[in-house]
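Open the model in your viewer and keep the sequence panel visible. The stops below are given in the order in which to select them.

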Amino acid sequence: MSISKILLYYKFQPISDPRAVMLWQRDLCQSLGLRGRILISEHGINGTVGGDIDACKTYVKKTKEYFKGIEFKWSEGGAEDFPKLSVKVRDEIVAFGAPGELKVDEHGVVGGGVHLKPEEVNELVENNPDVVFFDGRNAMEAQIGKFKDAIVPDVNTTHDFIRELESGKYDDLKDKPVITYCTGGIRCEILSSLMKNRGFKEVYQIDGGIVRYGEKYGNQGLWEGSLYVFDKRMHMEFGEDFKALGHCIHCGAETNKFEHCVNEDDCRQLVLMCPDCFGNVATRHCGQERCVEVAREQAEQLAQA
Ligand SMILES: [Zn+2]
Ligand SMILES: [Zn+2]
């Protein structure tokens with residue numbers, strides 16, 4: 001039996017002909033039987049692909065020839081974790097809605113936050129009581145885990161960050177040391193540069209994001225709770241001894257599992273629901289009135305059947 005793997009990676013580097021790189025990457029993945037999602041822009045590449053371990057190794061080798069110094073994270077899984085192969089050219093490899101603002105050169109993002117290794121994060125916090133963590137993810141992700149006392153901006157998607165940063169809500173942070181963080185580090189590459197452009201003077205970002213910090217410190221450092229992940233698992237922990245931050249929106253029971261609202265046609269919300277409340281159709285909703293109604297109707301139909 002062959003072993004499969006999933007690769008996660010990104011690299012910021014100027015690409016003069018994104019379409020040519022897209023065609024090359026698509027051919028490469030097809031010839032190796034890899035599936036997944038790859039975005040390419042004039043600023044770089046952002047991808048997740050899965051497949052046979054030897055195919056992954058060949059992919060890494062070939063991709064490194066063009067994207068020098070690119071780092072790959074290996075994780076469990078395979079081609080079957082993705083519905084198909086999708087390789088696309090976009091304005092941005094992460095959609096902040098600011099393609100014209102991002103500057104990239106051969107060293108990566110220009111004018112971004114200072115990169116910190118996990119141990120440097122702890123040092124900075126120990127030596128400076130003013131340091132604040134600033135969550136670079138969607139607010140929902142922070143419901144089950146975040147850095148200690150982190151500020152969680154009110155964002156549904158990365159598109160909302162610019163509006164938040166310009167709202168004035170965070171102006172008191174402009175003179176403080178701010179550590180941005182996100183899952184694997186890519187979102188903060190961009191976010192930290194957007195913050196610096198808007199007058200935040202001392203901005204940092206965590207090398208390798210929460211994933212690398214958690215690998216180093218588990219639950220013994222400044223990270224608290226579960227990490228939201230964008231695959232079937234929905235969440236992961238750095239050891240069994242994690243602090244449970246998430247609560248069921250209906251009964252308040254501890255949970256770290258997001259579930260889809262029952263109103264599938266009309267609501268894309270993921271909300272925290274405990275197994276009992278999710279198991280009962282009447283409470284399998286996100287709380288919005290129209291969704292409560294849908295849940296009630298479905299529960300009634302079930303009762304009559
Ligand atoms: Zn519940
Ligand atoms: Zn809903």
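**Stop 1: the end of helix H6**

Select glycine 218, just after H6, where phi is positive at about 55 degrees. Helices here are DSSP runs of H or I with at least four residues, strands are runs of E with at least two, and both are numbered from the N terminus. This is a predicted model in which local features need pLDDT of at least 70 and side-chain atom pairs count only at pLDDT 80 or more, while totals for chains, interfaces and linings use all residues. Residues are numbered from 1 along each chain as its sequence is written, chains are lettered from A and ligands numbered from 1 in the order in which they are written, and side-chain values use heavy atoms, with hydrogens and water left out.

Now step back into helix H6, residues 209-217. Which of its residues are buried? They are Gly209, Ile210, Val211, Tyr213 and Gly214. Buried means under 20% relative accessible area, exposed means over 50%, and partly exposed lies in between (1.4 Å probe, protein chains only).

**Stop 2: from H6 to H3**

Stay in H6 and select lysine 216 together with glutamate 119, which form a salt bridge with their closest N and O atoms 3.9 Å apart. The pair joins distant parts of the chain, since lysine 216 is in helix H6 and glutamate 119 in helix H3 (residues 118-127), 97 residues apart. A salt bridge is a side-chain nitrogen of Lys or Arg within 4 Å of a carboxyl oxygen of Asp or Glu. By this rule the count comes to 17 salt bridges. Lysine 216 is partly exposed, at 49% relative accessible area, and glutamate 119 is also partly exposed, at 30%.

**Stop 3: strand E11**

Select residues 177-181, which make up strand E11. Is this strand enclosed or open? Five of its five residues are buried, so E11 is largely enclosed by the rest of the structure. Pro177, Ile179 and Tyr181 point one way from E11, and Val178 and Thr180 point the other way.

Add strand E9 (residues 132-135), which pairs with E11 in the parallel sense over four bridges. Two strands pair if DSSP finds at least two bridges between them. Phenylalanine 133 stands opposite isoleucine 179 in E11. Then add strand E12 (residues 202-206), which runs parallel to E11 and is joined to it by four bridges. Here valine 178 stands opposite valine 203 in E12.

**Stop 4: helix H8**

Select glutamate 293 and arginine 296, whose side chains meet in a salt bridge (2.8 Å, N to O). Both lie in helix H8, three residues apart, about one turn of the helix. An α-helix has 3.6 residues a turn, so residues three or four places apart point the same way. Glutamate 293 is partly exposed at 34%, as is arginine 296 at 42%.

Next select arginine 290 and aspartate 266, another salt bridge at 2.8 Å, N to O. Arginine 290 is in helix H8 (residues 289-304), and aspartate 266 is in the loop between strand E16 (258-260) and strand E17 (270-272), 24 residues apart. Aspartate 266 is partly exposed at 47% relative accessibility, and arginine 290 is partly exposed at 38%.

**Stop 5: a network**

Finish by selecting Asp160, Arg163, Glu164 and Lys169, which are linked in a network of salt bridges.
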